[in-house]
Amino acid sequence: MRIRFKPLAAALLVASSTLAMAQQQVVNLYSARHYATDEALYSGFTQATGIRINRVDSDDAGIVARLKAEGAASPADVILMVDAARLYRAEADGLFLPIRSTLLENAIPANLRSNAAADGGISWFGFSTRARVVVYDKARVKLEDVDTYEKLAAPVNKGKICIRSGSHPYNLSLFGAVTQHMGEAKAEEWLKGVNANLARAPKGGDTDQIKGVAAGECAIAITNSYYLARLMRSDKAEDRAVAEKVSVVFPNQASWGTHLNIAGGGVARHAKNKDNAVKLLEYLASPAAQNYFANGNNEWPVAKGVTTDNPALKAMMGPAGTFKSETIPIGAVGANQTKVQQMLDRVGFK
Ligand code: FE
C-alpha cells in the first residue's frame, strides 16, 4: 500500500519524530509472545508514557540464547516468556534483575510470581494464567474417572491417555506441581501409572492430543486451556468440529485445584532503561492492559480483581463462571523440574 502524506500531516510527523528523538525514551523488550493484540497493547503503553518499545521477537529458547550471548552488553530491558519452568530456569541462569514495585506486588498474587530474593526483590511476575486441563471423549470415558490428576494413573484409564513429551516445560511444570502436592515418592508412582496408561508414545503438541481424542486415537488428553479455546474460536470449521467433539474438565476441584501455569516476565539483568522497564511491567499489570494481554492467547488475567471476557474461556468454565486453581507458589513448581526430569527417566516416561 502506498501512503501519500498531505503537507500538514507530513510536517506533524516530522515534528513528532523530532520530539521522540529529543526525549530518547525507549524500552527494549525481548518477547516470546507474538500475538496480533500485543500491538494495541504496546501502542497503548507508548501513548500513555511516551516511551517507545523496541521489540525483539523470538521463542523462549531463542531469547535465553541471545541474552547469554550478549551478556552484560545486552540491550534487553524487559523479558517476557511463557511457562513457569522456563521463567524459573532463566532466573537460575541469572538473566533477571530482581526489582521492588509496590504496584506489582499489590496487583500480582504472591503465588504467581517468583520467590522474593533475600532483599525482597522479585525476578519475575505472572501476567496471564493458563490451566492444564483434561480433555476427554464422553462416549468412552466417565467424567468421574478423569476429574482429578490422580485418576489419570488409575487402571480404568489404561490405553486411553495422549500427552506431549513428559520433558516439555508444560509437563515439567504440571508434574512439578503434582510433586509439590503429593510428595516425591507418590508423584513418582503416579508418573509410572500415567505412563502405563498411555494410548501411544508421547508426540506432537497439545493441539495434537486434542485432535487425537476427536479422531478416536485416544480417549483422554492433557492440554493447556488456550489450545482448546483456540480451536473453539477458530475461523476454520474443522477446528471447531474438533472442539465440539471433546469434553473438558478442570481437575481437582474438590481438592488442591487445577494446575495453573503462567506467561510472565521481569526486568533484564543488564537493563540500561530500568525505570522504563518497571513502568512497562506495571502497565502490563493494569486492569486495561490485563484483559488485552490475556486475550491475546486466550488466557486468564492475573491481576487481582480483573476477570476475563473471553467467550471460549467462559464457555469452558460453564455456569459456575470460575474454577478452583491451585495456590502453591509457582516458583516452587519451577524449582522441582530437575527432580521431575530424574523421575521421568527412572520410570521411562518419554
Ligand atoms: Fe503453548
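This is a short talk on one predicted protein chain and the iron ion it holds.

Okay, a bit of housekeeping. Because the model is predicted, local features need pLDDT of at least 70 and side-chain atom pairs count only at pLDDT 80 or more, while totals for chains, interfaces and linings use all residues. Residues are numbered from 1 along each chain as its sequence is written, and side-chain values use heavy atoms, with hydrogens and water left out.

Let's start with the whole chain. There are 15 helices and nine strands; these are DSSP runs numbered from the N terminus, with helices being H or I of at least four residues and strands E of at least two. The C-alpha atoms fill a box of roughly 70 × 50 × 35 Å along the principal axes. The radius of gyration is 22 Å, which agrees with the value near 20 Å for a compact globule of 350 residues. That radius is taken over C-alpha atoms, and the globule rule is 2.2 Å times the number of residues to the power 0.38. Of the 350 residues, 53% count as buried, where buried means under 20% relative accessible area, exposed over 50%, and partly exposed in between, using a 1.4 Å probe and protein chains only.

Now, the iron. Which residues coordinate the iron ion? Tyr170, Tyr226 and Tyr227 do, each through its OH, at 1.9 to 2.1 Å. Donors here are N, O and S atoms within 2.8 Å of the metal (3.2 Å for Na, K and Ca), and water is not among the atoms, so sites may look incomplete. In sequence, the donor residues are spaced Y-x55-Y-Y. Tyr170 lies in helix α6 (residues 169-182) and Tyr226 in helix α9 (residues 225-232), so this pair ties together parts that are 56 residues apart in sequence. Tyr170 is buried at 6% relative accessible area, and Tyr226 is buried too, at 2%.

Next, salt bridges, meaning a side-chain nitrogen of Lys or Arg within 4 Å of a carboxyl oxygen of Asp or Glu. How many does a search of the whole structure find? It finds 14.

One of them joins Glu299 and Arg130, at 2.5 Å from N to O. Glu299 sits in the loop between α12 (287-295) and β9 (300-301), Arg130 is in strand β4, and the two are 169 residues apart. Glu299 counts as buried at 1% relative accessibility, and Arg130 counts as buried at 1% as well.

Another is Arg86 with Asp60, at 3.3 Å. Here helix α4 is linked to helix α3 (residues 60-70), with the partners 26 residues apart. Asp60 is buried, at 8%.

Then there's Lys192 with Glu189, at 3.6 Å. Both lie in helix α7 (residues 184-196), three residues apart, about one turn of the helix. Lys192 is partly exposed, at 45%.

Last stop: some loop residues. Asp145 is in the loop between β4 (125-136) and β5 (161-162). Asp145 is buried yet has no salt bridge, and Lys142, the nearest side chain of opposite charge, is 4.7 Å away. For charge, Lys and Arg count as positive and Asp and Glu as negative; His and the chain ends are not counted.

Asp83 and Asn252 are worth a click as well. Asp83 has a positive phi near 95° without being a glycine, and Asp83 is buried at 0%. Asn252 is not a glycine either, yet has a positive phi of about 65°, and Asn252 is also buried at 0%.
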